[in-house]
Structures are given as C-alpha cells and as structure tokens.
Amino acid sequence: MNSLSTASTLSAEDISVWFGERQVLEKVNLTFPANQVTALIGPSGCGKSTFIRTLNRMHELIPGAGLAGAVYLDGEDIYNESTDAVTVRIKVGMVFQKPNPFPTMTIKDNILSGLRLSGRKIENAEELVETSLRRASIWNEVKDRLNDQAISLSGGQQQRLCIARSLAMDPKVLLMDEPCSALDPGSTRRIEETIQELSETMTIVIVTHNMQQAQRVSDQTAFFLADDNTPGGVVEFGSTEQVFNGPIDQRTNDYVNGHFG
Amino acid sequence: MSQTPVNPPAQERRKLVIKPLSKGDKWFFRSTSIAAHFAFVLVALILGFLLWKSWPVIQGQGFDFVFGSTWDADSDPMVLQLGPMLWGSLLIAIVGIIIATPMALSMAYLIVFMLPNRLARIATTLVDLLAALPSVVLGLWGLLVFTPVASHWAEVLNSYLGWIPIFGVADAENGFMRSPFIAGWIVAVMIVPIITSVTREIFSQLDRDLINGALALGGSRLSTFRRVIMPTSSGGVIGGVLLGLGRAIGETVAIFYVLNLSFDINWGALLEPQGGAVASWILARFGEANGAEKDGLMAAGLVLFVVTLIINYIANVIVNRAQPWRKN
C-alpha cells in the first residue's frame, strides 16, 4: 500500500461570492476539521454547490466569478497570489454530481489520468490503480477488466471509478457535490459506506439533498438558505445530531422535517 | 384429466385511420417533396451529363487519363493525361489543411472556452464572413497583396530549411512566386471557416463536466486540451478537416490566380513555381479547347467530382462514428 498522507483541516472565512454583479453567497464561515464528514444541506439555488467550488478554486473558472474572504487549508490561504490553483486542486479532490469518467480512456487510464493531467511522474502504476480502486470499493468488480473502456461500467460503478480517480491523487480533502443524485439506492448505499471508510484518511465535504444520507454519513451539518433575491448563507451549523434533532433556528427545523424546500 | 383448452375468441383489431391530410397540407407536402427530390435529380443529371460527355475520352485514354502526365491536344491521336493536375490538387489541399487546421482549432478553442459570450459571437461572425468572401476576390488579393509577402516567407524557409527536399528549389532566382506553397495558403484561408465551425460545434457539445473533471484533477488548460478535449472530439474534428479538404480540392479561381500550372509533375517541392490543380486547369483551357479536348476537360471534372464525393463520404462516416459514447 502507498503511504497515505494525513487529512487536513479546511476552513472558510467570510466567503462571499458574486457572478457578475449578482451576489449569491454572503459571508459564509465554516470549519471542516480533519477526518470529519460535513454535509451541506439546503434547498436548490441556495449556493451550496457554488460554495463547495470555492474550496478547490473551481469557482474562478466561471466567467464573471467574484470572491471575497479566504479559505485556509492547514492554515494557508489557498487564494494566496503565490499559490497555484493546480496545487490546490491536487490537494482538494472533487467528485461531481453526474459520473464523468473520461470516455476515451480505459478504467486504468482513468485512474492514472490525474497524474498525467498534472504532469506528475507515475511510479508503480499497477499498485496505485489497485489501491485507488480498493479504497473506492470497486476493485473486485473491475480487476479483470482494467483495460475496458470506462463507459462500459454502470452508473454507480462509474461514480465509484470517479472517486477512485480522485483518490489516486492522494487528496487531503474530498469534495462531493451530490455524488449519489444520479444513482440507484444500492449504489448510493455503497458510496455512503465508502465515504465512511475514506473519512479515516481524509476530510470530506458532501453536498446532499437527501436528509437521510446527511444523517447517515456526516459528523456535522451546515444548513444553507437563500431568501428571495438575497444572497445565500449559512443559517445553522453544528453537529449532525444537533442540526437534525434539536435545531435552534425555526427555518432549519422546518427544512429538516420537510416542511419546505 | 385433460380438458380441451378453450381458445378465447381473438380480439378484434381496430383499424387506425390517419386523418386525411388537409388540402393545404397536401400541397405543402407535394411542394416540399418536389424540392427535396430536385436536389437528387440535379446531382444525378450532372453526373449523367459528365459521364456521357467524358466517356469517349476515358475510353480512349484509359487509366493513363488519371495517372499519365502529358496533355497534348494537337497531336494525333490526342494525348490527354491529368496526373500532374490531380496530384497538384491533392498537394495544395494537404498544404492548406496543414496550415488551416491549427488555426481553426485554436480559433474554435478560443471561441468556445476562452472568450466571454459577446466577444465569442463577434469572433464567430468574423470567421463566418471569411467563408462568404468571393473566391475571385480572394484570388486577386492573393495575387496582388499576399503573393509578395508569402514569397518572402518562402525565401526565408528556403534559405534555412532548403536542405529538406520539400523546401528546396532548383533555382533560387525563381522569385518564389506562383508555387503550391502560396496556393496552399490561399486554400487555407478558404477552409479555415468550415473547419472552425465544425470544430466549434463539436467543442460546444462537449460535456462541460468532463473538462471540469480534468481541471479538478489538477489539469492545466493545455493538458486538459491535449488529453481530454482532443481525444474526445477527434472524430468530429477529423471529419471537419476532411470537409475542408473536399472544398479545397475543388477550388478553382483563387488558385488559378496564384499558381503556375505545369505538366512537369511536382511531387512535393512546395516552393517551386510549378504545380497543378484540376479545376484551375479546366478554367485555363476551356476557352480555347476544341470539341474533343472539351470532352477531356469534362472528364477531368468527372474525376474531380468523384474524388470530392469520396472524401465527403469518408468525412460523413467519420463524423457519424465519432462519438459512440454519446449513444447512451
């Protein structure tokens, strides 16, 4: 096994976000302690996905995107002028809503794609492929067909392949943007189990619309809300237990109990 | 105990009647189908006409019509062999493609991935305007404005890279004008728009999550382009390039102005002031040709037509097969 680096603590301070002139997030303050799973919940359009993209500097790729505040990865601001966005994205991996394996590549090449894309040397390719696939609990299903095209896999397998692809970069933080929204319940359950295992070695932030999922996988939960025509923000942030069973804010209570959203 | 099974009476199927077309619809249907068939009929008629006119020449000259390299309408019997012109067309088209493809790819990338919407629209319009430029205007510009400039480039190429056969010339005093190199540039200008627009279409249909996925894995713009965008769209891009090639091969007037047509076959000395182009040759000879030579020129047109058809067909096959993963 490759030696795995330890998880990092990530914290967002006063993050505000604009698209052009329109402000979509107002002063979000959240801390993601090492080895914890944090769920971001809230109705559609409240800025959860936008927020998660500020954590690995994917946000700045959108034309007209603006940002204020800072994100600290182990105490260092990832938006420092001297910090390269690529280095940030290598340390902070991301899994997307829809499985997005590279269709022209084999399963194996998908795993190695991050190293190739970032121009890093590949040592022990075989071992890295196996370790990454094992950590994403998909090794047994694909070990005999590593040279098959990635799109020959089912949707759930593709998503786990994408998780494995991120893991091959040995990230310290893994961001997951509704990773199960396109999957069936069986695949969802397996990915949730994987999240639990991964949190032993990394910090995880997951956006989800599924309240049960948030309760099953996360240690702490942040509830985002955007009132009409105002920027979104965090209404309540605390341990998952507290947010779901004893919310302080009435709006949180309404949301987690399905009264709106 | 066995009982004879009782077959339930077969259910009676109802007759489904498509409502008769209204009178207006009937006429609409008729006129559109006439228009649609007209295109097929026209192509068939042109092909038939060419075949009819050129048959005697093709029969008389045999395979040498395509592969030989003498065109002498005054001898008896007439020797009509198109080889150098046909090869010249291909050579110029290849030069054009080599120059145009990187330009078109860069432009498409810029328009789709880099420019803000408004600028992207302006750039698209400008590139499309290039396609609307009349060929004769381009030819005159090529002759009067571009040739002096490009002949200088050719001279520089020759003085540094002359030891590579394709950049060598027999006589450096020739002026470096009217060469396949210059004709290739002119063709490149003509086909940049079509390659750009096909590539732009392919790029804009790419799943943005694939590109974001590559960037999120630590890819740079360049490595993402090379490892994800290009492999994913290569089929479509090759198809676009072949469509451009189809157009380049048939190009007539613009090349006519900037190329010295010669039956001394030029296999690949790009800077030498001699080359060939089937369509330009037809244009050059048609005015003074007698009946039999005219038929020979018709046959040349037929050959060009067939070559273009084949290239377009291949382009279509490649474009259609380009993205098998889109099917699910």
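This dialogue examines the contact between two chains and the largest pocket of a predicted model.

Me: How many residues does each chain bring to the contact?

Reply: Chain A brings 24 residues to the contact and chain B brings 20 residues.

Me: How is the size of an interface expressed?

Reply: It is often given as the accessible area lost when the parts come together. Here, the area buried between chain A and chain B is about 1900 Å², and carbon and sulfur atoms give 67% of that area.

Me: What is the count of salt bridges between chain A and chain B, and which side chains meet?

Reply: The count is one salt bridge between chain A and chain B. The side chains of A:Lys98 and B:Asp207 meet in it, at 3.0 Å from N to O. Three residue pairs are in polar contact between the two chains, with both residues at pLDDT 80 or more.

Me: Which element gives the most to the side of chain A that touches chain B?

Reply: That element is α3(A), with four residues. The residues on this side of chain A divide into 13 nonpolar, seven polar and four charged.

Me: What volume does the largest pocket have, and which residues are the closest to its centre?

Reply: The largest pocket has a volume of about 630 Å³. It is lined by 24 residues, and the closest to its centre are A:Leu61, A:Pro63, B:Val112, B:Phe113 and B:Arg208.

Me: Where does the largest share of this lining come from?

Reply: The largest share, five residues, comes from α3(B). By residue class, the lining of the largest pocket divides into 15 nonpolar, four polar and five charged residues.

Note on methods
Residues numbered from 1 in each chain as written. Chains lettered and ligands numbered in written order. Predicted model: local features only at pLDDT ≥ 70, side-chain atom pairs only at ≥ 80, totals over all residues. Heavy atoms only, no water. 1 Å grid on protein atoms, 1.4 Å probe; cavity = no way out; pocket = protein on both sides within 12 Å on 5 of 7 lines; lining within 4 Å. Points joined across faces, edges and corners; volume = space filled by probe spheres on them. Helix = DSSP H or I, 4+ residues; strand = E, 2+ residues; numbered from the N terminus. Nonpolar A, V, L, I, M, F, W, Y, C, P; charged D, E, K, R; others polar. Contact = heavy atoms within 4.5 Å. Buried area = accessible area lost by both parts, 1.4 Å probe. Salt bridge = Lys/Arg side-chain N within 4 Å of Asp/Glu carboxyl O. Polar contact = N/O pair within 3.5 Å; in protein donor to acceptor, adjacent residues only side chain to side chain.
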